[in-house]
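Please look through the sequence and the model below before reading on. The paragraphs that follow begin with a pocket and then turn to the interior and the overall fold.

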Amino acid sequence: MFGEALTFDRIMAEEKDPKVRLALLCNQCEDAFSTVFRQVAFNRYEDACHTARRSEGELDVEQLGELYQSKLQPMFGDALILTEEHKVWWSYVEHFLHTPGYVYAYAFGNLLALSVYQRFLEKGPKFVDDYLEFLAAGGSTRPDELVRRLGMDITDPGFWDAGLTILEGMVTQVERLAEI
């Protein structure tokens, strides 16, 4: 994700055609929407299902569908109303059945990379050595400890806000370019 952000910024810096820039930004925003916001909604759905199962017992398909709608609708606000037909869409997400609890990793990884990328944008080339050491550590320790080596704290909401700020900036650019 960090590499994608770096490459994307380079492409955007060189692209002059506003229509192409708009298309590129829309694609990035859609990817972020599905990787961050949808996965968070999915995670909330999974949590609600497991919580209900523990307190109520076996859940039927209707209950699973109602929970799905209740956790995904807030993501859209009033921009889109999910229909009755959408209630069964939970069943197409294999992770819910085969690897429960997995979906959070998409949002976590994406926002972590974007937040680290924001630090790179702030520090510039002097950040590169720290980042390479961060990558070299691989999975040798917990993410919070690895990120602390970069002078950042994943328990601070501001850390995550840095990644969201990048996404907000892209949406702002989309809105500006859409007016041209």
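In this predicted model, a good place to begin is the lining of the largest pocket, to which H2 gives the most, with six residues. Helix H1 (2–14), helix H2 (18–56), helix H5 (104–123) and helix H8 (157–178) each contribute at least two residues to that lining. The volume of this largest pocket is about 310 Å³, and of the 22 residues that line it, Phe-8, Asp-9, Gln-28, Ile-166 and Met-170 are the closest to its centre. By character, the lining residues comprise 12 nonpolar, six polar and four charged.

From the pocket one can pass to the interior, where the largest nonpolar core holds 31 residues, with Leu-112, Val-116 and Phe-159 having the most contacts inside it. Two or more residues of this core come from each of H1, H2, H5, helix H6 (128–136), helix H7 (143–148) and H8. Leaving aside residues up to four places away in sequence, Leu-112 touches Phe-134, Val-147, Ile-154, Phe-159 and Trp-160. Another core, of 17 residues, lies apart from the largest one, and includes Ala-48, Ala-52, Leu-67 and Leu-82.

Seen as a whole, the protein has eight helices and zero strands, and its C-alpha trace spans about 55 × 45 × 25 Å along the principal axes. Of its 180 residues, 37% count as buried, while the protein exposes about 11,100 Å², of which carbon and sulfur atoms supply 56%. Among the contacts with a separation of 6 or more, 62% are accounted for by residues 24 or more positions apart.

How values were computed: Residues numbered from 1 in each chain as written. Predicted model: local features only at pLDDT ≥ 70, side-chain atom pairs only at ≥ 80, totals over all residues. Heavy atoms only, no water. 1 Å grid on protein atoms, 1.4 Å probe; cavity = no way out; pocket = protein on both sides within 12 Å on 5 of 7 lines; lining within 4 Å. Points joined across faces, edges and corners; volume = space filled by probe spheres on them. Helix = DSSP H or I, 4+ residues; strand = E, 2+ residues; numbered from the N terminus. Nonpolar A, V, L, I, M, F, W, Y, C, P; charged D, E, K, R; others polar. Core = buried A, V, L, I, M, F, W, Y, C linked by side-chain atoms within 4.5 Å. Buried < 20%, exposed > 50% of the residue type's maximum accessible area, 1.4 Å probe, protein only. Contact = heavy atoms within 4.5 Å. Areas by Shrake-Rupley, 256 points an atom, 1.4 Å probe, with all protein chains shown as cover.
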